[in-house]
Structures are given as structure tokens and as C-alpha cells.
Amino acid sequence: MSRRESPKVILDFIAITLIAMTGLVLLFGGLGGLIGEDQASVNLSFFMLAMLGLALSLMLISGSVSLNADIGKSAFTQQITYVMASLTGFFILNIIVPPAVPYQLSLASSTRLVAVLISIPEELLFRGWATPFLAKRMGKLGGVLAAAGLFMLYHLFVLGTDLAGLLIVFGAGVIAGFALLKTSKLSIPMAAHLFNNLISVGI
């Protein structure tokens, strides 16, 4: 890939389903009280919806997105393989660099559901848009590292200054970024991130 070529991000059946489900839960569950009826929870639901909308808009404007709802046996096998490989990478990171604080959201008082759902808009923004956008300008390695760095800075709002936790987030961002560029399918880092958060919050 030359720097002039923008890597395509494929929104396949799994990614489209996860995005739609997240949007519906936030609209009818989050704002309707499933996430919480307090103002902080409503604000967080709006924040996540805004992140979804912003990420999708940036992907469309940059021309990095491609829709492909077809899913064959080989494609599905590839997706499962890369999801499992990414999760294994996340698990190893947590063993090598154990976080000093448990995973939590400090943006607002929220439920475990929010900690799981937020993975979808995060992946849309940081892998769906930032990684291919930066890879086009900085090459694959530079794009992945820069997007992972932005992902880590964003998590200062979640983890504070816990260095171990931030290193894990950076490493996970690198793994997810390379998985995306290798396969072009956003569903792979998206599903891996979703399952990682499910495990992290103990659901």
C-alpha cells in the first residue's frame, strides 16, 4: 500500500449488526432508562451516540468505508481466527502488565452495560476512521502506532494516569490496528474489543 492509497475498512454483516444493536440500545434502552435514569447516564448515552455518528461521518467523508454484508464460510473462519488471536494478545498484555486499577468508566455513573457497549463507538472512531486515515499519511506502522496513541490518550478519561492500564490500552490498540489492516474487516477488532470488555467487567 502506498501512502496515497487509503486502506478500506469493510463493514460486514457482524459489524453492521453490532453498530445497529448498539445504536438501538442507546436510543431506546440508554435514553429510556436501561443504562440509568440519572442525568449523568443520559449524558453518557448521548456521548456514545454522538461518537457513533461522528465516527461513521468521518469514515464516509474520508472514503475509507466499504459495505459488504456477505459472509461466507472462509470469511467467517478468518474472522473468528483473528478475533481469537486478538483476544489472546489482550490476555497476554494483561498478564505482562497487570493494571493497578480495575476497569471502570469515570465519564459518568454507569452500568456494566455501558462499559461493554462503548467498545463499538470506540472501534468505529479509532480503528474505523483514525487507523486508515493515519496509515494513508504515515504508512501502516506509523498509522497503527499513532491511532493506538490517540486511543491511549482518550483512555486518560477512563483510567486516569494508571501507567500500566494505559500501556495495556496502547498495546491493545496496536493489536487491533494491525488486525484491521491485515483483514480490512472492522468486525474483527470490534468483536475482540467487545468480548474483552465483557470479560473485564465480569459479565
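**Notebook: helix α5 and its surroundings**

I started with Leu145, which sits in helix α5. Helices here are DSSP runs of H or I with at least four residues, strands are E runs of at least two, and both are numbered from the N terminus. A note to self on the source: this is a predicted model, where local features need pLDDT of at least 70, side-chain atom pairs count only at pLDDT 80 or more, and totals for chains, interfaces and linings use all residues. Residues are numbered from 1 along each chain as its sequence is written, and side-chain values use heavy atoms, with hydrogens and water left out.

**Entry: Leu145 and its patch.** I looked up the exposure of Leu145 and found 36% relative accessibility, so Leu145 counts as partly exposed. Buried means under 20% relative accessible area, exposed over 50%, and partly exposed in between (1.4 Å probe, protein chains only). Leu145 joins Leu141 and Phe178 in a nonpolar surface patch of about 260 Å². Such patches take residues with over 30% relative accessible area and no salt bridge; nonpolar side chains (Val, Leu, Ile, Met, Phe, Trp, Tyr) are joined within 5 Å, like charges within 9 Å. Areas are Shrake-Rupley values with a 1.4 Å probe, and for residues only the protein chains shown count as cover.

**Entry: α5 against α7.** At what angle do α5 and α7 pack? I read about 65° between α5 (residues 119–154) and α7 (residues 163–183), with the axes 10 Å apart. The two helices are therefore roughly perpendicular to each other (65 to 115 degrees; under 35 is roughly parallel, over 145 roughly antiparallel, the rest oblique). The residues of this contact divide into 16 nonpolar, four polar and three charged. Axes are lines fitted to C-alpha atoms, for helices over the stretch in contact, and angles run from 0 to 180 degrees between N-to-C directions.

**Entry: salt bridge.** I found one salt bridge in the structure, by the criterion of a Lys or Arg side-chain nitrogen within 4 Å of a carboxyl oxygen of Asp or Glu. Arg127 and Glu123 form it, at 2.7 Å from N to O. Both residues lie in α5, four residues apart, about one turn of the helix. Arg127 is buried, with a relative accessible area of 1%, and Glu123 is buried at 1% too.

**Entry: the whole chain.** I noted eight helices and two strands, in the order β-α-α-β-α-α-α-α-α-α along the sequence. Of the 203 residues, 48% are buried.

**Entry: Ser45.** Ser45 belongs to helix α2 (residues 39–62) and is buried at 1% relative accessibility. Its C-alpha is 9.6 Å from that of Gly23, and the two residues are 22 apart in sequence.

Terms used: Ala, Val, Leu, Ile, Met, Phe, Trp, Tyr, Cys and Pro count as nonpolar, Asp, Glu, Lys and Arg as charged, and the others, Gly among them, as polar.
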